[in-house]
Amino acid sequence: MYPAPFRYHAPRSLDEAIRLLAEHGDEAKILAGGHSLLPAMRLRLAQPKVLVDIGRVPDLSGIRLDGGTLVIGAMTTHREIERSSAVKERCPLLAEVAPHIGDVQVRHRGTIGGSLAHADPASDWPAAILALDAGLKVIGPNGERTIPARDFFVDVLTTALAPDEVLAEIRIPRPGRAGAYEKARNRASGFAVVGVAVAAEQQDGKVASIGIGITGAAGRPARAEAAEQVLLGRPASPDTLSEAAAQAAVGLDCTPDLHASAEYRRHLVQILTRRALSRALGV
Amino acid sequence: MRIEGSYRFDAPPERVWAVLQDPAALAACIPGCQTLEPVAEHEFAATLSVGVAAFKGTYNGRVRVAELDPPHRYDLHVEGSGRTGFVKGVGHISLEPDGGSATQVKVVGDAQVGGPVLSVASRLVVPTAKMLMNQFFAAMQRWLRASPM
Ligand SMILES: Cc1cc2nc3c(=O)[nH]c(=O)nc-3n(C[C@H](O)[C@H](O)[C@H](O)COP(=O)(O)OP(=O)(O)OC[C@H]3O[C@@H](n4cnc5c(N)ncnc54)[C@H](O)[C@@H]3O)c2cc1C
C-alpha cells in the first residue's frame, strides 16, 4: 500500500528542524533511517502529514570520545557502530549488540537514535543503553537536556521525548566495562523475544558495578535491579550468578503473545541473564 | 491474545461498580474515546481515536456489558474495527473487597486481533492493549477520587 500524502522537509540545520517540528506539532514526524516509520506509513498505521528528514542536519552522526565518555550521534547507523574500531575497543557491549539487529540492509539505514526514539519493546539497543547507564542528550526549542536511560522509556512506543525534541546524542560514561548480550530471536522478524545486556566491572575479586538491561520481555525495556543487587559487592561465582539470574524477572510484567507465553519469557529472561552474566564476568 | 491486569481502588466495591458502569465515567476514561452512545440496554456504540506515538487510528465499535452480578462481576464484550485492523473479545471483570474500604479489580480478557497491524506489529499488540487498559483504570481511579461520595 502507498502511504497517505505527506509533505517532506529536509532541513540543513538543527534549529530549522526544531522550528519545523514546533510549527507542525502533532502532525509532524522526524524521519531518520525510515526503517520503522516507513513500514508503518505504508500500512497507514502512521499517517504523519509532515516528515522532517534529519539526514542532512550536520553533526548528528558519528562516534567520538569526550573525556572518558563515548558519544554516539543519534543518526549513526547500526552498521557504523558495528564496524567502528573505536566502539570495538572502547565499548565491547555495543559492538556485540549491533550485529543482532535485523540484517545488513536494515543496519545500513537504521539509526541508533531512531531505534531508541521509536521504543519498540522488542528492539535491541534499549537493553544495552540501560545496562550502560547512558545519558540521552535531546535538543528542543528550550535548549538541551540529558535524559538518563532509566527515565527515557515510558511505555510501548512511548519515550520521555517531547514531539518537538530531537534526540541528538547517546552518551556512555565508563564505556569500557566488560559486556555481553544474549538474545532469543524471533525467527520471522529478527526482533528480540527476549534480549539481555550486561555491563559489569570487577575489582579485588568483587563485582564493583553492574547493569543488566532487559528488552523484549515486557511493554518497555527495564533494568533487572533485584538481580543487580544480588551481585553488587560480592564475588562472581557460579553460585552468585545463578542466584542473581533467578531474580532477573522480578517486577517484569511479561508479555504473552503468539510467539511466547509470559511464563516462557520469564524463563528466557533468567536463562539469558545467566548466560550474559557468565560471559561478562568470565565465570 | 490473552490479557490480564489487576487494579486497586480506594473505595468499596459498590462505589467502584457504580463508576465502572457509569457512561459518563466510561466516556471520560476510555483512552481516545470520542463518542459513546447507548444503543440498547447495557450496550454502547463507540468511536475511539487511539494514538500510540506515530501509530494513530480511528476505530468504530460496540461495547456490551453482560452477566451482570453487582457488585461482584460482569463481562465486557468489545468489538471494533478500523483501517489498521480489528479486535473482538471479551473481558471478565471481577471486584473483590480488599480490607474494609478498598477494592481489587481483576481483568482477564481474551481477544482476537487481525488485519494489517499484524504484519508489522504483531509483537506490539499485547503490550499496547495492556498499556491502554492501564491508562483506562488509572483514569478511573482518578475519576473515583475526584467524584464526591
Ligand atoms: C526488516 C527489519 C528488521 C528489523 N529488525 C530489527 C531487530 O532485529 N532489532 C531491532 O532493534 N530493530 C530492528 N529493526 C528496526 C530498525 O532497527 C529501525 O531502523 C529502527 O528501529 C528505527 O530507526 P530508524 O533510523 O530507521 O528510524 P525511523 O524509522 O526513521 O524513525 C523511527 C521513529 O523514531 C523517530 N525518530 C527517529 N530519529 C529520531 C531522533 N533523532 N530524535 C527524535 N525522534 C526520532 C521518528 O520520528 C519515528 O517515530 C528492523 C527493521 C526492519 C525493517
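Let me begin with strand β6 of chain A, residues 135-140, in what is a predicted model. Of its 6 residues, 6 are buried, so strand β6 is largely enclosed by the rest of the structure. The cut-off behind that statement is a relative accessible area under 20%. The burial applies to both faces of β6(A): A:Gly135, A:Lys137 and A:Ile139 point one way, A:Leu136, A:Val138 and A:Gly140 point the other way, and all are buried. I would draw your attention to A:Lys137, which is among these buried residues.

Which strands does β6(A) pair with? One is strand β7 of chain A, residues 143-148, joined to β6(A) by 6 bridges in an antiparallel arrangement. Within this pairing, A:Val138 has A:Arg145 of β7(A) as its bridge partner. The two strands form a hairpin, with 2 residues between them. Strand β10 of chain A, residues 166-172, also runs antiparallel to β6(A), and 5 bridges join the two. There, A:Gly135 has A:Arg171 of β10(A) as its bridge partner. As a general reminder, strands of a sheet pair through backbone hydrogen bonds, either parallel or antiparallel.

I turn now to a sheet later in the chain. This is an open sheet of 4 strands in chain A, with the order β11-β12-β13-β14 and antiparallel pairing. Its edge strands are β11, residues 178-185, and β14, residues 222-223, each of which pairs on one side only. Between strand β12, residues 192-203, and strand β13, residues 206-215, there are 9 bridges, and these two strands of chain A run antiparallel. As one position in that pairing, A:Gly195 stands opposite A:Thr215 in β13(A).

Finally, let us consider the chain as a whole. Chain A contains 12 helices and 14 strands. Its radius of gyration is 19 Å, close to the 19 Å that the globule rule gives for 283 residues, so chain A is as compact as a globular protein of that length. Along the principal axes, its C-alpha atoms fill a box of roughly 60 × 45 × 30 Å. Buried residues make up 54% of the 283 in chain A. Of the contacts with a separation of 6 or more, 63% are between residues 24 or more positions apart.

As for the surface, the accessible area of chain A is about 12100 Å², and carbon and sulfur atoms contribute 49% of it. Chain A carries 33 positive and 32 negative charges, and the mean positions of the two sets lie 5 Å apart.

Terms used
Residues are numbered from 1 along each chain as its sequence is written. Chains are lettered from A and ligands numbered from 1 in the order in which they are written. This is a predicted model: local features need pLDDT of at least 70, side-chain atom pairs count only at pLDDT 80 or more; totals for chains, interfaces and linings use all residues. Side-chain values use heavy atoms; hydrogens and water are left out. The radius of gyration is taken over C-alpha atoms; the globule rule is 2.2 Å times the number of residues to the power 0.38. Buried means under 20% relative accessible area, exposed over 50%, partly exposed in between (1.4 Å probe, protein chains only). Contact means heavy atoms within 4.5 Å. Accessible areas come from the Shrake-Rupley method with a 1.4 Å probe; for residues, only the protein chains shown count as cover. Lys and Arg count as positive and Asp and Glu as negative; His and the chain ends are not counted. The place of a charge is taken as NZ of Lys, CZ of Arg, CG of Asp or CD of Glu. Two strands pair if DSSP finds at least two bridges between them.
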